[in-house]
Every structure is written in structure tokens, then in C-alpha cells.
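Biologist: Could we go through the ligand site of this model together? I would like to hear how each answer is reached.

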Amino acid sequence: MIINATSFVHTLLRAHLQHGNTAIDATIGNGWDTVVLAELVGNSGTVYGFDIQQVALDVTNSRLRTANYTAKLFIENHANMANVLPQECKGNVHAITFNLGYLPGGDKCLTTTTETTIEALVCGLEMLAHRGIITVVCYQHPEGIDELQAIRRWLQQQPQDIVVCTETHFLNQRGTPPIVVTISKL
Ligand SMILES: C[S@@+](CC[C@H](N)C(=O)[O-])C[C@H]1O[C@@H](n2cnc3c(N)ncnc32)[C@H](O)[C@@H]1O
């Protein structure tokens, strides 16, 4: 059921991913998305995860252990994913998730930035398989809006015969709910 940005993204991932696939969580945070990716690709698939904070890796590893899933986690800026991932990932990743901003309950200064997010999306597109999907949960606090605007500008320049880009808004939620961007490779 779709009740918020996270469940919307998980619904899309469930429709896209199969056992044996490869997926990337570009912002592992507290590991909720990593566990869903690991469940969907199963033991025959592979999940890679990135975060710049050791605490995110620790929490996520513990969550994975409890759920009896595995993932290969890196303490690394997602903009550098191409330097860390095995060569065979290029063009073979079926889904990549981004959940922008800072670690809930953590240091708000350790947040995604416009420049590195765009670099990571460029890299992610190279990694993505045909029919693969990138999902990006974007927040509407002041820095988040700048990041979202930059993502929009970049997506509007992408050729429509290569990728299809969408933006989903929650119309009747209180406050300023997150916006979900998707990039599907044709
Ligand atoms: C909103 S949280 C992610 C939530 C997470 N997906 C979950 O399921 O709990 C954003 C995370 O992005 C991480 N982050 C910020 N900049 C990053 C970067 N350049 N590369 C990788 N991770 C980054 C933060 O440390 C934080 O843990």
C-alpha cells in the first residue's frame, strides 16, 4: 500500500526487481531500503550500499543480520561508486535508490549535496541496465529544494529516447512531504 514516499518507492522496487538481480542503495542511512532491496534480489542477487557515515553501515549491517540478508556496504561517497563497484556492474544494475538529506536522528551537517548527488546520478545512469530504475526521495527543506531543482534541471536535459523521468507529489499530506523522482532507462 502507498502511504508515503518510502512505501511508494518500495512498491516500485517490488515491481522491478527479481531474485538474482543487482541493486544499489546509494544512501543506506538506517538501512530500511537496503533490507527491502536485499529481500527482493534474494540470495542469488547482490546489493551494494553506500554511506559516508560508519554509524549507517553499523545499523544497516545489524538490520541485515537480523533479517538474515546480506549486502556489500561501503563507507564511501556515492559520487565515487564507479571506483568501488566491480567492473561487471556497468550496465547491469536493475535498481538504484537514493533517499537524500541527512541520517534521521544524526548529524544534519552530514547531508547529501547538490554537486555530489548529480555526480552520483550520472554514475548511476551508467551502471543502470536497460529497463532499470533509479528512485530518488527528495526533501523540501531549503537545501533540499536547491538539490531537487538541480536534479530537475539535469533530468530535463536527458534524451527521452534513453530515459523517462517522472516526479510524484503527495497532494493531501500535511506539511511539505517528500517528492519522489524516478528515472527509467529504456
Ligand atoms: C535520509 S538518509 C537515508 C535513509 C535510508 N535510505 C534508510 O532507509 O534509512 C540519507 C543518508 O545519506 C547519507 N549521505 C549523505 N551524503 C552522502 C554521500 N555523498 N554519499 C553517500 N551517502 C551519503 C547520509 O549519511 C544519510 O545516512
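Modeller: Gladly! A polar contact here is a pair of N or O atoms within 3.5 Å. Please keep in mind that the model is predicted.

Biologist: Thanks! How far is an oxygen atom of the ligand from a polar backbone atom of W32?

Modeller: A pair of N or O atoms has to lie within 3.5 Å to count. The backbone of W32 offers a polar atom that meets this limit with a ligand oxygen. The distance between them is 3.1 Å.

Biologist: Which residue has a side-chain N or O atom 2.6 Å from an oxygen atom of the ligand?

Modeller: Backbone atoms of G31 and W32 also face ligand oxygens, but you asked about a side chain. At 2.6 Å from a ligand oxygen, the side-chain atom belongs to D51.

Biologist: How much of the ligand's accessible area does the protein cover?

Modeller: On its own, the ligand has 600 Å² of accessible area. With the protein in place, the covered share is 96%.

Biologist: Lovely. Where does the ligand sit, and which elements give two or more residues to the shell around the ligand?

Modeller: The ligand is in the largest pocket, which holds about 550 Å³ of space. The shell has 23 residues, with T27, N30, D33, D51 and Q53 coming nearest. Two or more shell residues come from each of α2 (32-41) and β2 (46-51).

Biologist: And how many residues of that shell are charged?

Modeller: By class, nine shell residues are nonpolar and eleven are polar. The charged ones number three.

Note on methods:
Residues numbered from 1 in each chain as written. Predicted model: local features only at pLDDT ≥ 70, side-chain atom pairs only at ≥ 80, totals over all residues. Heavy atoms only, no water. Near = heavy atom within 4 Å. Polar contact = N/O pair within 3.5 Å; in protein donor to acceptor, adjacent residues only side chain to side chain. Areas by Shrake-Rupley, 256 points an atom, 1.4 Å probe, with all protein chains shown as cover. 1 Å grid on protein atoms, 1.4 Å probe; cavity = no way out; pocket = protein on both sides within 12 Å on 5 of 7 lines; lining within 4 Å. Sits in = over half its atoms within 2 Å of the grid points. Helix = DSSP H or I, 4+ residues; strand = E, 2+ residues; numbered from the N terminus. Nonpolar A, V, L, I, M, F, W, Y, C, P; charged D, E, K, R; others polar. Points joined across faces, edges and corners; volume = space filled by probe spheres on them.
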